Structures are given as structure tokens and as C-alpha cells.
Amino acid sequence: MKSILFLSMLTLTWASHTNVYITNSLEGREDLHIHCKSKDDDLGPHVLRINQTFKFGFGTNFFYGTLFFCSFQWGNGHLLHFDVYDQNRDYYKCYECKWSIKKDGPCRFELQRDRSYLRKCYEWNH
Ligand SMILES: *[C@@H]1O[C@H](CO)[C@@H](O)[C@H](O)[C@H]1NC(C)=O
């Protein structure tokens, strides 16, 4: 009984809410077609015009390995993929994870160990 209480308290302490924002920042102002999913959720297809943002949120918990992955496509281009939230990568880096989608890949500002923010760009998944 004590250990259950202890575990519940730990879970509460380490649970938090995270929001992911995906903004169309394509240099050529094309419409951006996105489709995001996790193991359990399908967020459906969306079309973002230039500077439009798609936002979604979820509860994160230290014990879950939350992963949301999306496909991205514009113009006549190929379907590209990126993990927009990977708990192993992101748990300490953002609670408000704001991606700017550029042609070379997604960029965002990330929380550093010294609590400052640094702009970082990623490559598309291979
Ligand atoms: C999109 O946002 C950028 C940065 O705020 C701005 O410079 C640009 O004019 C906007 N583009 C359009 C088409 O609204």
C-alpha cells in the first residue's frame, strides 16, 4: 500500500503536459501537407498554408516513451518524415515544442542545461 502511494506520487511529480506546434516556414511559401501519428493516436491529415501552425498536446510521463512522428510534403516533392516528439530526445528540452518547418528540415529553440534557449535544426529522417 505504501509503495503504491509512493509510486503514485512519483508519477504525479514526473507527469506533465507537452504541446507540439508545427509551423509552415517553407522558403517557397508552398502549402505544407502533414500527417502526425503516435502508436495510439492518428491526428489526421492537415494542410498548412505559409505561417499557419498545427498544434497538439498530450500528457507526458517519465515512465512512458512517448513518440509522435509526422510525414511532410509540399509541391511535387517526396514524402518526408520526422519525429516531432521523441521523449528520449525531448523530455528535458521542451514543454512547448515549436517547430518551424524549413525545406532542409525542422528547426526550433531548445532549452539548454543553463536554461538558455538555442536554435537547433534537424535533418529529415532517413
Ligand atoms: C510569414 O512570417 C514571416 C515571419 O514572421 C514574415 O516575414 C512573412 O512575411 C510571412 N509570410 C506571409 C506570406 O505571411
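## Close-up views of a predicted model

**View 1. A bridge in the four-stranded sheet.** Histidine 33 has valine 47 of strand 3 as its bridge partner. Next to that pair, leucine 32 is matched with leucine 48 of strand 3. Helices (H or I, at least four residues) and strands (E, at least two) are DSSP runs, numbered from the N terminus. Strands 2 and 3 run antiparallel to each other and share five bridges; two strands count as paired if DSSP finds at least two bridges between them. The turn between them is a hairpin of four residues. This is a predicted model, with residues numbered from 1 along each chain as its sequence is written, and with side-chain values that use heavy atoms and leave out hydrogens and water. Local features need pLDDT of at least 70 and side-chain atom pairs count only at pLDDT 80 or more, while totals for chains, interfaces and linings use all residues.

**View 2. The whole four-stranded sheet.** Pull back a little and you get an open sheet with strand order 3-2-5-6 and antiparallel pairing. Strand 3 and strand 6 (80-86) are the edge strands, each pairing on one side only. From one strand to the next, the twist averages 20 degrees (axes are lines fitted to C-alpha atoms, for helices over the stretch in contact, and angles run from 0 to 180 degrees between N-to-C directions).

**View 3. Serine 38 in its loop.** Serine 38 sits in the loop that links strand 2 (32-37) to strand 3 (42-48). Is serine 38 buried or exposed? Serine 38 counts as buried because its relative accessibility is 12%; buried means under 20% relative accessible area, exposed over 50%, and partly exposed in between (1.4 Å probe, protein chains only). Setting aside neighbours within four places in sequence, serine 38 touches Leu67, Phe68 and Phe69, where contact means heavy atoms within 4.5 Å.

**View 4. The five-stranded sheet.** The other view of strands shows an open sheet of five, in the order 4-1-7-8-9, with mixed pairing. Strand 4 (53-61) and strand 9 (117-121) each have a single partner strand, so one side of each has no neighbour in the sheet. On average, neighbouring strands here are turned by 20 degrees against each other, direction ignored. Strand 1 (residues 15-24) and strand 7 are parallel, with six bridges, and one of the matched pairs is threonine 23 with serine 100 of strand 7. Strands 8 (residues 105-111) and 9 are antiparallel over five bridges, including the one from leucine 111 to tyrosine 117.

**View 5. Strand 7, one side in and the other out.** Which side chains of strand 7 (residues 96-102) are buried? Cys97, Trp99 and Ile101 are, and they point to one face. Glu96, Lys98, Ser100 and Lys102 point to the other face and are not buried. Strand 7 then leads through a two-residue hairpin into strand 8. The two strands run antiparallel and are joined by three bridges, and isoleucine 101 has proline 106 of strand 8 as its bridge partner.

**View 6. Threonine 53 and what surrounds it.** Threonine 53 belongs to strand 4. With 41% relative accessibility, threonine 53 counts as partly exposed. Leaving out neighbours within four places in sequence, the residues in contact with threonine 53 are Tyr21, Ile22, Thr23 and Leu48. The side chains of threonine 53 and threonine 23 make a polar contact at 2.7 Å. A polar contact is a pair of N or O atoms within 3.5 Å; within protein, one must be able to donate a hydrogen and the other to accept it, and residues adjacent in sequence count only if both atoms are side-chain atoms. Tryptophan 99 is 46 residues away along the chain from threonine 53, and their C-alpha atoms are separated by 9.2 Å.

**View 7. The ligand.** Which residues are around the ligand? They are Arg29, Ile50 and Asn51, with a residue counted as near if one of its heavy atoms lies within 4 Å of the molecule or strand in question. A polar side-chain atom of asparagine 51 is 2.3 Å from an oxygen atom of the ligand. On its own the ligand has 360 Å² of accessible area, and the protein covers 32% of that. Accessible areas come from the Shrake-Rupley method with a 1.4 Å probe; for residues, only the protein chains shown count as cover.
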